[in-house]
Amino acid sequence: VRAGGDAAKLVGKQVAGALIALLLSSFVVFSALYIAPGNTLTFLSGGRQMSKQAVAQLSQEYHLEESFFARYVHWLGGVFSGDFGKSLVHKVPVGTLLGPRVGTTVLLMVMAGLVTIVGGILVGVVAGLGRKRTRGIALGLSTVAMAIPSFVAATLLIAIFAVDLGWFPVFGAGKGFGDQVYHLILPSIALSLGGAAYIGRIAAVSIERAADSEYVETARARGLPRRAIVRRHVLRNAMVPITTVAGITFAGLIATSVVVESAFGINGLGALLVESVLSHDFAVVQAISLLLVAGFLVVNLGVDLLYMRLDPRLRRAGA
Amino acid sequence: MAVLILAVVAGALLLAACGSSGGSSSSGGGSTSSSSTSGSAPESGGGAELVNTTPAGSGPVESVSWDLPYGEPATLDYIEAAAFSENTVLSNVCESLIHLTPEFGYEPGLAKTYKEVSPTEYVYDLRPGLKFSDGDAVTAEDVVFSLERNRDAKLGSFWEPWFANVKSIVATGKDQVTVKLTKPDVMFNQFLATAAGVVAEKSFVEKAGKKFGTSEGGVMCVGPYKIDKWTPGKEISIVANPDYWGPQPQTKEIDFQFLTNQETTTQALETGEIDGAYEAPPSSWESLSSSSAGTAYAGNSTAYVSLSFTEKEGPVQEVDFRRAMEYLIDREAVAETIFHGAAEPIRSTFFPTTWGYAQSVYEKAYESLPDVQADPAEAEKLAGEVKGLKTVTMLTNADDAAAKQLAAYIQSQAKEVGIDIELKELPAAQYIADAFEPEGRNRYDMILSTTGYLDLAEPVEWGEIALSGGGVFNDFGYDDASVNKWVQEAREATDPTERAELMVKVQEQAYGKDVVEVPIVNSAERLFMNSSISGATPTLTPLLYAPWASELGAAG
């Protein structure tokens with residue numbers, strides 16, 4: 001009960017903080033887009049010259065003539081009434097544009113997150129507890145994996161597993177859940193290679209350190225079985241730094257997904273974000289940024305809750 | 001925590017800025033004269049075997065997946081549709097009054113006949129019993145409404161310049177529309193063979209309002225296909241239209257994909273996951289040409305690659321410098337190594353494919369233009385004449401592998417003769433935004449463009465929009481009184497030979513003497529079709545303005 005109460009308090013605090021963070025970041029993104037070079041009308045018109053009337057019409061429709069602050073307030077007012085605005089480029093409500101893409105990106109994130117964390121911990125365990133030779137191989141491979149940029153990984157994976165072997169599709173996100181998972185296997189591997197290798201290295205060090213600690217030696221001296229020692233004493237203690245790194249790595253995945261989505265022809269949020277930033281489609285950029293920030297906050301909250309579970313001291317301190 | 005969040009957002013923005021999205025730009029094209037179906041096949045330049053057709057499909061096909069390498073169309077409203085993706089889809093669902101034949105000629109489209117009553121009056125008679133894809137009858141009123149949308153300044157139609165001399169558009173019968181011009185203008189009628197001549201249903205357009213042409217609002221026109229489903233970010237499906245006036249297409253459904261990554265597109269074509277695509281990447285042209293998955297066709301095209309100059313003060317304002325740039329580029333080598341043979345060296349923007357009429361006049365003048373071969377010594381000599389020549393900047397499209405290769409080649413050639421070129425590579429959307437706006441453009445000295453094309457086989461188009469003072473695509477700010485006058489006279493010249501004679505004078509002045517830009521190659525349309533299908537039109541721009549999928553079917 002006590003721990004539950006603490007968790008509720010933590011969630012409450014985090015949600016309040018999250019709302020402020022969302023507001024702040026929306027303002028920062030809006031300003032960044034406002035300052036970025038390029039005239040919105042040029043993007044709207046695809047570069048051709050337009051009549052004065054046409055320009056006036058568009059300016060009015062998209063509030064382009066209003067001041068920076070007025071436009072922000074206008075946008076914010078819309079958000080509070082559930083209206084995220086209309087895409088300048090696609091001329092449809094942002095919700096219509098984002099709807100079909102959110103599911104794809106969320107699935108990709110979840111799959112890539114799982115591969116990153118599970119893969120990372122496996123590498124860590126092998127490297128941290130294995131013999132010198134095994135350790136060398138695991139760390140060597142993780143160095144290679146970390147050095148490969150995700151777009152190169154994507155190209156290699158497509159060439160080997162989709163074109164040569166024909167096991168997986170070359171592009172697209174698929175239709176229906178099973179097909180979507182199948183389509184996203186290669187992309188999630190391409191996306192998580194670097195992160196998994198990074199977590200693997202951190203995990204290897206933490207596991208090694210935990211394995212050399214006095215309490216593990218004590219446990220060993222008391223004759224506890226090796227498996228129990230690893231699970232209860234080594235892994236559990238090594239999990240705190242691993243969790244920290246995993247949280248940050250996951251946030252990084254969101255940004256890297258842009259590259260992977262492009263390589264695999266997946267029309268997710270990342271691809272749309274790139275397109276929208278380049279064309280100053282501010283309503284879309286705002287909405288996606290807020291979604292990404294919200295996603296990040298959820299992960300962060302998850303990490304904090306996990307800390308409480310892993311480290312009883314944090315429970316008492318109320319995070 | 002807030003700092004971390006901002007870092008993530010900033011990271012996403014940064015990544016976005018380095019990332020890419022497809023895009024294309026178009027420029028206007030020429031037209032042919034007056035009324036009838038006088039189009040003749042332009043000659044292909046030389047070595048490469050260019051085609052105007054592919055073997056017609058010989059059997060039914062359920063569905064075909066087709067890639068749009070420049071990404072999802074921004075709109076399917078015909079007044080704004082003036083880019084590759086938009087028109088590739090639109091031409092099958094929204095037909096024009098006049099059709100562009102695969103050979104760049106003209107033939108009746110929705111208009112059964114089109115007559116030039118006088119140089120200032122045209123009469124269009126609709127095919128009897130025409131129906132929109134919702135089954136409603138097409139009336140003269142719909143035609144008037146559709147054409148008038150191009151003239152409405154508030155709507156900002158891309159095609160507006162070609163309606164500048166229109167006096168009135170009136171329904172003169174149940175199935176007849178008469179257009180009067182304020183003065184003779186050979187461009188008006190020809191442009192009705194582009195998306196400017198599309199007929200949309202008045203009641204539908206009015207009801208859809210601002211949503212017309214979007215994924216939500218859709219379109220309502222006449223064509224062998226109609227839109228079945230447009231899922232933003234995923235695909236556009238078009239299906240055979242049972243109410244079509246002509247023969248039913250053999251392919252029942254076409255699913256357009258928005259795959260913009262060149263490597264992925266190539267791999268999807270080679271594995272057969274995608275059945276066909278126009279504008280296949282030049283970098284994969286060799287592997288696609290030898291692929292067992294299908295056939296690669298190089299079609300005649302009005303697309304060209306050129307190095308253009310801006311209005312920025314500095315060396316580019318001196319003809320010696322521009323001429324020096326011309327001497328630096330080995331066009332044959334560019335055609336062979338960067339475009340893998342799917343391109344021809346050109347001497348001016350009025351290259352053979354654009355000679356829609358009076359070919360002998362154009363040919364003779366073209367042959368008399370200096371055939372500038374790469375000559376670094378000459379370039380160095382000319383550059384030596386230019387005062388204060390230091391570093392010059394060149395803008396290119398970072399998402400276009402061929403453009404990047406070409407830019408690097410020009411840069412290295414220039415370096416050998418002591419000219420420093422600084423490359424500015426921007427993602428497609430940013431590149432287009434900068435290149436088409438004077439303020440953005442004039443930050444650079446030169447622009448390397450690989451995506452321009454003329455809409456029609458008519459040099460007057462380029463004369464009007466790029467070589468005349470104040471033209472929409474006149475990057476260089478070129479404003480020569482004689483050229484301006486000749487172009488206007490050509491626009492009024494209903495006699496093809498007279499028109500051609502005026503345009504070759506323009507060519508001699510603008511390209512021969514003033515080097516307003518450095519034309520490099522005429523790139524072929526690169527079409528790839530899976531071995532199971534055949535029949536798509538391989539020529540640009542006919543594929544953008546007439547239903548290219550009409551003949552698409554099972555390979556024989």
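How accessible is A:Ile160, and does that make this residue buried, partly exposed or exposed? Keep that in mind for the second view; everything shown here comes from a predicted model.

**View 1. Chain A is built from helices.** Chain A has 14 helices and zero strands, so its pattern along the sequence is written with α alone: α-α-α-α-α-α-α-α-α-α-α-α-α-α. Taken along the principal axes, the C-alpha atoms fill a box of roughly 85 × 55 × 35 Å. Of the 319 residues in chain A, 48% are buried. Among contacts in chain A with a separation of 6 or more, 74% are between residues 24 or more positions apart. The accessible surface of chain A is about 15,200 Å², and carbon and sulfur atoms account for 67% of that area. Chain A carries 27 positive and 16 negative charges, and the mean positions of the two sets are 11 Å apart.

**View 2. A nonpolar patch lies on the surface of chain A.** Here is the reply to the opening question: A:Ile160 has a relative accessibility of 41% and counts as partly exposed. The cut-offs explain the label, because partly exposed covers the range between under 20% for buried and over 50% for exposed. A:Ile160 sits in helix 7 of chain A, residues 150–164. Its partners in the nonpolar patch are A:Phe151, A:Val152, A:Leu156, A:Leu165 and A:Trp167. Together the patch residues offer about 570 Å² of accessible area.

**View 3. A salt bridge joins two helices of chain A.** A:Arg135 and A:Glu208 form a salt bridge, with 3.4 Å between the closest N and O atoms. A:Arg135 belongs to helix 6 (residues 132–147) and A:Glu208 to helix 9 (residues 185–212) of chain A, so the pair ties together parts that are 73 residues apart in sequence. A:Arg135 is partly exposed at 24% relative accessible area, and A:Glu208 is partly exposed at 30%. For context, the count over all chains is 24 salt bridges.

**View 4. A:Phe250 meets residues from elsewhere in the sequence.** Look for A:Phe250 in helix 11 of chain A, which spans residues 226–263. This phenylalanine is buried, with a relative accessible area of 18%. Setting aside neighbours within four places in sequence, A:Phe250 is in contact with A:Met109, A:Gly113 and A:Val299. A:Phe250 and A:Met109 are 141 residues apart in sequence, yet their C-alpha atoms are 8.2 Å apart in space.

**View 5. Salt bridges in chain B.** B:Glu148 pairs with B:Arg151 in a salt bridge, the closest N and O atoms being 3.2 Å apart. Both ends are partly exposed: B:Glu148 at 26% relative accessibility and B:Arg151 at 27%. In another salt bridge, the side chains of B:Lys387 and B:Glu318 meet at 3.9 Å, N to O. This pair links distant parts of the chain, 69 residues apart: B:Lys387 is in the loop between helix 11 (376–384) and strand 15 (391–397), and B:Glu318 is in the loop between strand 13 (303–309) and helix 8 (319–328) of chain B. B:Lys387 counts as exposed at 65% relative accessibility, whereas B:Glu318 is partly exposed at 25%. A network of salt bridges also links B:Asp185, B:Glu464 and B:Arg491.

**View 6. Helix 13 of chain B is buried.** This helix covers residues 428–435, and eight of its eight residues are buried, so the rest of the structure largely encloses it. Among the buried residues are B:Gln430, B:Tyr431, B:Ile432 and B:Asp434.

**View 7. Backbone details in the loops of chain B.** A cis peptide bond joins B:Leu540 and B:Thr541, with omega about 10°. B:Thr541 is placed in the loop between strand 20 (533–534) and helix 18 (542–545). B:Glu279 is not a glycine but has a positive phi, near 55°. B:Glu279 lies in the loop between strand 11 (276–277) and helix 7 (285–289) of chain B and is buried at 14% relative accessibility. B:Val515, also not a glycine, has a positive phi of about 45°. This valine is in the loop between helix 17 (496–513) and strand 18 (517–523) of chain B, and at 1% relative accessibility B:Val515 counts as buried.

Terms used. Residues are numbered from 1 along each chain as its sequence is written. Chains are lettered from A and ligands numbered from 1 in the order in which they are written. This is a predicted model: local features need pLDDT of at least 70, side-chain atom pairs count only at pLDDT 80 or more; totals for chains, interfaces and linings use all residues. Side-chain values use heavy atoms; hydrogens and water are left out. Helices (H or I, at least four residues) and strands (E, at least two) are DSSP runs, numbered from the N terminus. Buried means under 20% relative accessible area, exposed over 50%, partly exposed in between (1.4 Å probe, protein chains only). Contact means heavy atoms within 4.5 Å. Accessible areas come from the Shrake-Rupley method with a 1.4 Å probe; for residues, only the protein chains shown count as cover. Lys and Arg count as positive and Asp and Glu as negative; His and the chain ends are not counted. The place of a charge is taken as NZ of Lys, CZ of Arg, CG of Asp or CD of Glu. Patches are made of residues with over 30% relative accessible area and no salt bridge: like charges are joined within 9 Å, nonpolar side chains (Val, Leu, Ile, Met, Phe, Trp, Tyr) within 5 Å. A salt bridge is a side-chain nitrogen of Lys or Arg within 4 Å of a carboxyl oxygen of Asp or Glu.
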